[in-house]
Every structure is written in C-alpha cells, then in structure tokens.
Amino acid sequence: MSAEQAAALEALMAEVFTGVELNLYLDTHPWDEQALMCFNRHSAQLMELKHAYEARYGPLLGFGYSPSPDKWRWNMSPWPWEMA
Amino acid sequence: MWIYQKSLEYPVRITKTDPRMALLIITQYGGPDGESAASMRYLSQRFAMPTNESKAVLNDIGTEELAHFEMVGSMVRQLMKNATPEQIKAAGAGGYFADHGKGVWMGNAEGVPFTAAYFQSKDEVIANLHEDLAAEEKARATYEYLIRMADDPDVIDALRFLRMREVVHFQRFGETLVSVQAAMDEKKFY
C-alpha cells in the first residue's frame with residue numbers, strides 16, 4: 001500500500017471512528033440534537049470519503065455494499081492486519 | 001447480519017518483533033477479560049434486553065468488540081510474524097510455537113483455551129448489565145497491566161486506544177443501567 005493510499009485510508013478510519021463514538025453516545029442520549037447534527041454531518045463526510053477512496057483504491061465494504069467495476073478487487077492485499 | 005469493512009478500527013503498525021509480548025497480549029484475544037468474551041457476552045445478552053436503548057447499546061458495543069478482537073489479533077500476528085523459532089524459544093514461547101506455530105489462537109496468556117464460561121447470559125437485564133460494567137473495568141485493568149509490561153511505542157499506542165474504549169463502554173453501560181431501572185420503576189403498579 002502506497003503512503004498516499006495509507007493516508008487516505010487513515011482519514012477514512014478517523015471518520016468511521018467518529019461515527020462509532022457518536023453512534024454509541026446517541027444510543028444513550030437520543031435527545032441530544034447537537035450530537036445528532038454532528039453524527040449526520042460526519043455520516044455525510046464519511047460517504048464522500050468512502051466514494052473517493054473506493055474509486056481510486058477498490059472496495060471497502062463486502063457483500064455488495066461497495067461496487068467492484070471492471071474486475072474483482074475485494075480479494076486484493078493488503079488486508080487490515082498486514083499494514084505494518 | 002454484519003458487513004465487513006476492510007480496515008481496522010484504529011491503526012496497528014508494529015514492526016518490532018517481540019514474541020513474548022505477543023503471548024501476553026493474546027489474553028485480550030481469547031482470555032477471561034478479552035475482546036472475544038466481551039463481544040460474545042454482549043451479542044448474546046442483547047436478545048434478553050427489554051428497552052430500545054439497551055438493545056442498541058448491547059448490539060453496538062458487541063459489534064465494536066469484534067473490531068477490537070481484530071485489532072488484538074493483528075497485534076499478536078505482527079509481533080510474531082518475523083520471529084525465528086530460536087527467538088520464540090528464548091522468549092519462553094516454545095510451547096505455543098509447538099502447538100500453533102505463529103498462528104493466532106484463542107487462549108489466555110498462560111495458554112488456557114477460550115471458554116464460554118468466561119461470561120454469563122441470563123434473562124435478567126440487571127444481572128447482565130452489572131456483569132457488563134464489571135467486564136469493562138476488568139478489561140481496562142488488563143490493558144493497564146499490558147501497557148506496564150510493553151516498551152514499544154507502537155504497541156503502547158494501540159493498547160492505550162483499546163483501554164480508552166473500555167472506559168467509554170463502561171460509561172454507556174452505566175447510563176443504560178440507570179435508564180433500564182427507571183423504566184422498570186415506571187411499570188410498577190401497587
């Protein structure tokens with residue numbers, strides 16, 4: 001994986017983590033409108049980053065949630081545990 | 001249903017080989033307070049949760065624990081991957097190597113295999129949530145013991161992230177317990 005791809009993936013991972021954290025927070029604070037707005041803002045940002053990343057580097061999600069135009073790219077390395 | 005995302009939750013990039021540390025960290029993969037026990041505990045207990053909030057919290061934390069299970073497995077693999085059999089033997093990990101090579105297996109730091117006896121799942125929301133609160137604190141303590149034994153900043157960084165998540169989960173379970181108790185009080189008629 002190139003340094004450029006690794007940086008793009010890390011930016012996306014940061015956005016996903018924000019989503020994880022806000023999702024858990026909203027599970028117990030569903031009335032918090034500011035958190036809800038923040039969640040939706042990050043969700044939109046994540047979708048943008050996901051589409052840009054996938055167009056350049058291939059699918060991020062399995063089972064049909066990411067397209068694989070031209071050829072099957074899901075099984076390409078590196079896998080997440082091989083990033084050292 | 002789960003959808004796999006081809007990334008870790010938080011980066012794990014360990015280049016320094018350390019089979020001894022690998023086989024200490026492995027307890028958070030398949031040990032009593034590890035991520036597999038946590039995930040299986042919450043994903044099993046969620047079926048008996050009585051409120052929308054508690055169902056969501058157990059479901060979502062149980063799912064995040066799967067991502068932690070993957071992070072810990074990645075750490076073990078990266079710490080072991082380039083070790084020679086001699087290094088592994090010198091690190092006191094020869095028994096593990098004899099049984100698993102450098103494969104990542106679910107056991108504690110002493111080689112005791114994973115067991116479902118590490119957690120409970122009852123049709124009792126109060127009992128389940130108290131167990132969950134204790135589980136998060138026990139996992140936090142284990143990460144702190146591991147951090148004290150680690151010297152590689154890349155290992156410490158990932159362990160600190162995982163420790164922090166235990167603190168956040170404890171917080172969410174505490175809020176869930178309070179709201180479940182409030183919902184139970186409302187339903188009492190005398």
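This passage walks through a predicted model of two chains, A and B, from overall layout down to single residues.

The predictor's own scores come first. For the complex, it reports an ipTM of 0.96 and a pTM of 0.97. Chain B has a mean pLDDT of 97, and 99% of its residues reach 70 or more.

Chain B is built from helices, with eight of them and zero strands. Reading along the sequence gives the pattern α-α-α-α-α-α-α-α. Its C-alpha atoms fill a box of roughly 70 × 30 × 30 Å along the principal axes. Of the 190 residues in chain B, 42% are buried. Looking at contacts between residues at least 6 apart in sequence, 76% of those in chain B link residues at least 24 apart.

Chain A has two helices and, again, zero strands. Its radius of gyration is 15 Å, well over the 12 Å that the globule rule gives for 84 residues, so chain A is more spread out than a compact globule. The C-alpha trace of chain A spans about 45 × 25 × 20 Å along its principal axes. Buried residues come to 11% of the 84 in this chain. As for chain A contacts between residues at least 6 apart in sequence, 41% join residues at least 24 apart.

Next comes the place where the chains meet. Chain B puts 28 residues into the contact, and chain A puts in 18. On the chain B side, H4 and H8 each supply at least two residues. H4(B) provides the largest share of that side, with 11 residues. Sorted by class, the chain B side holds 11 nonpolar, seven polar and 10 charged residues.

Helix H8 of chain B deserves its own paragraph. It runs over residues 153–186, which makes 34 residues. From first C-alpha to last, H8(B) reaches 50 Å, close to the 50 Å expected at 1.5 Å a residue. The buried residues of H8(B) include nonpolar ones such as B:Val155, B:Leu159, B:Leu162 and B:Phe173. Also among them are B:Arg165, B:Glu166 and B:Arg172, which count as charged. The partners of these buried residues sit in both chains: they pack against helix H1 (3–28) of chain A, and against helix H1 (19–25), helix H4 (52–80) and helix H7 (125–149) of chain B.

B:Arg163 also lies in helix H8 of chain B. This residue has 18 other C-beta atoms within 10 Å, so it counts as partly exposed. B:Arg163 touches B:Arg140, B:Tyr143, B:Glu144 and B:Ile147, leaving aside residues up to four places away in sequence. With B:Tyr143, the C-alpha to C-alpha distance is 5.6 Å, although the two are 20 residues apart in sequence.

Then there is the largest nonpolar core, a set of 45 residues. Within it, B:Ala22, B:Ile25, B:Met71, B:Met75, B:Val76 and B:Ala158 touch the most other members. Five helices of chain B, namely H1, H3 (35–45), H4, H7 and H8, each supply at least two residues of this core. The largest share, 12 residues, comes from H4(B). For a close-up, take B:Met75: not counting residues up to four places away in sequence, B:Met75 touches B:Val12, B:Ile14, B:Ile25, B:Val155 and B:Ala158.

Last come a few backbone oddities in chain A. Most residues other than glycine have a negative phi, and most peptide bonds are trans. The peptide bond from A:Ser77 to A:Pro78, however, is cis, with omega near 0 degrees. A:Pro78 is found in the segment after helix H2 (33–57) of chain A. A:Phe63 is not a glycine, yet it has a positive phi of about 60 degrees. A:Phe63 is placed in the segment after H2 of chain A. With 10 other C-beta atoms within 10 Å, A:Phe63 falls in the exposed class, because 12 or fewer is the cut-off. A:Asp70 has a positive phi too, near 70 degrees. The segment after H2 of chain A holds A:Asp70. A:Asp70 has 6 other C-beta atoms within 10 Å, so it is exposed.

Technical notes
Residues are numbered from 1 along each chain as its sequence is written. Chains are lettered from A and ligands numbered from 1 in the order in which they are written. This is a predicted model: local features need pLDDT of at least 70, side-chain atom pairs count only at pLDDT 80 or more; totals for chains, interfaces and linings use all residues. Helices (H or I, at least four residues) and strands (E, at least two) are DSSP runs, numbered from the N terminus. The radius of gyration is taken over C-alpha atoms; the globule rule is 2.2 Å times the number of residues to the power 0.38. A residue is buried if 20 or more other C-beta atoms lie within 10 Å of its own, exposed if 12 or fewer, and partly exposed in between; C-beta atoms are placed from the backbone. Two residues are in contact if their C-beta atoms, placed from the backbone, lie within 7 Å. The expected span of a helix is 1.5 Å times one less than its number of residues. pLDDT is the predictor's confidence in each residue, from 0 to 100. A nonpolar core is a set of buried Ala, Val, Leu, Ile, Met, Phe, Trp, Tyr and Cys residues joined through C-beta atoms within 7 Å.
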